[in-house]
Amino acid sequence: MAVNFPFSLLLLLALFLSLSSQTHSAGPNKPGDDLVRSSCVHASYPGICLRTLSSYDGPANTPRDLAQAAVKVSLTRARKVSGYLTTVRSGSKREQSALRDCVDQVGDSVDELSKTLSELQHIRTGGGSATFRWQMSNAETWVSAALTNEDTCLDGFREIDGKVRVDVRRKITNVARVTSNALYLINRLDQTRG
């Protein structure tokens with residue numbers, strides 16, 4: 001019986017260490033994690049929403065913070081894609097034309113997302129409901145326009161095959177998905193009044 005006691009104690013200690021390391025490896029929750037989870041669950045792309053906003057370094061403690069964070073993620077990705085598109089070299093004239101159009105479209109998206117971010121940062125949530133409605137309308141319109149530009153970029157590659165089309169489609173689709181999530185969070189912000 002004495003031999004089993006140390007073995008049982010050792011087994012119990014190993015189980016305790018295993019459980020505590022699993023709990024520790026999950027990491028502590030950030031203050032906005034519950035808000036991110038509850039906000040992303042009904043987004044167009046909930047997995048992308050949760051992944052991008054859970055790893056976001058800035059504040060995300062209110063629906064307004066979260067909407068701004070989503071626009072910042074979208075803006076960052078649109079800027080990266082814009083830079084990428086200017087470096088792509090292609091052979092056919094049709095592909096070159098589609099790339100030029102896409103650079104313009106994504107550039108417009110960057111402008112619209114920048115205006116959206118600025119509007120969200122200056123939103124007045126107090127008693128001036130007409131001002132709030134105007135600002136929200138601007139933000140929703142600009143993000144919708146950014147999404148349209150991203151779709152228009154993809155339209156230019158419909159009749160083109162090859163690696164350039166695949167690469168552009170993958171990158172633009174990624175930007176469009178985070179932009180769609182940003183629009184959802186802005187619409188949600190509009191419903192909650194800031």
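How many disulfides does the structure hold? Two, and they make a handy way into this predicted model. If the term is new to you, a disulfide is a covalent bond between the sulfur atoms of two cysteines.

**Stop 1: cysteines 40 and 49**

Select cysteine 40 and cysteine 49 and show their side chains. These two form a disulfide, with 2.1 Å between the sulfur atoms. Look along the S-S bond: the torsion about it is about -65°, so this disulfide is left-handed. Cysteine 40 is buried, at 1% relative accessibility, and cysteine 49 is buried too, with a relative accessible area of 1%.

**Stop 2: cysteines 102 and 153**

Now pick cysteine 102 and cysteine 153. Their sulfur atoms are 1.5 Å apart, and the two form a disulfide. Cysteine 102 sits in helix H5 (residues 93-121) and cysteine 153 in helix H6 (residues 129-155), so the pair ties together parts that are 51 residues apart in sequence. The S-S torsion here is about -55°, so this disulfide is left-handed. Both cysteines are buried. Count the bonded cysteines along the chain and you get the pattern 1-2, 3-4.

**Stop 3: the cavity**

Go back to cysteine 49 and add Thr52, Leu53, Ala70, Val73, Val178 and Asn181: together they line the largest cavity. There is one cavity of 30 Å³ or more in the structure, and the largest holds about 30 Å³ of space. Colour helix H3 (46-54), helix H4 (63-87) and helix H7 (163-192), since each supplies at least two residues of that lining. H3 gives the most, with three residues. What kinds of residues make up the lining? Five are nonpolar, two are polar and none is charged.

**Stop 4: asparagine 181**

Stay with one of those lining residues, asparagine 181. You'll find it in helix H7. Is asparagine 181 buried or exposed? Its relative accessible area is 3%, so it counts as buried. Zoom in on its side chain: a polar atom there lies 3.4 Å from the backbone nitrogen of serine 44. Leaving aside neighbours within four places in sequence, asparagine 181 is in contact with Ala43, Ser44, Tyr45, Ile48 and Cys49.

**Stop 5: lysine 72**

Finish in helix H4, with lysine 72. This residue is partly exposed, at 29% relative accessibility. Setting aside neighbours within four places in sequence, its contacts are Tyr56, Leu117 and Gln121. For a last distance, pick the C-alpha atoms of lysine 72 and glycine 58: these residues are 14 apart along the chain, and the atoms are separated by 10.0 Å.

Note on methods:
Residues are numbered from 1 along each chain as its sequence is written. This is a predicted model: local features need pLDDT of at least 70, side-chain atom pairs count only at pLDDT 80 or more; totals for chains, interfaces and linings use all residues. Side-chain values use heavy atoms; hydrogens and water are left out. On a 1 Å grid over the protein atoms alone, a cavity is a set of points where a 1.4 Å probe fits but cannot get out, and a pocket is an open set with protein on both sides within 12 Å along at least five of seven lines; lining residues have an atom within 4 Å of a point. Grid points are joined across faces, edges and corners, and a volume is the space filled by probe spheres set on the points. Helices (H or I, at least four residues) and strands (E, at least two) are DSSP runs, numbered from the N terminus. Ala, Val, Leu, Ile, Met, Phe, Trp, Tyr, Cys and Pro count as nonpolar, Asp, Glu, Lys and Arg as charged, and the others, Gly among them, as polar. Buried means under 20% relative accessible area, exposed over 50%, partly exposed in between (1.4 Å probe, protein chains only). Contact means heavy atoms within 4.5 Å. A polar contact is a pair of N or O atoms within 3.5 Å; within protein, one must be able to donate a hydrogen and the other to accept it, and residues adjacent in sequence count only if both atoms are side-chain atoms. A disulfide is a pair of cysteine sulfur atoms within 2.5 Å.
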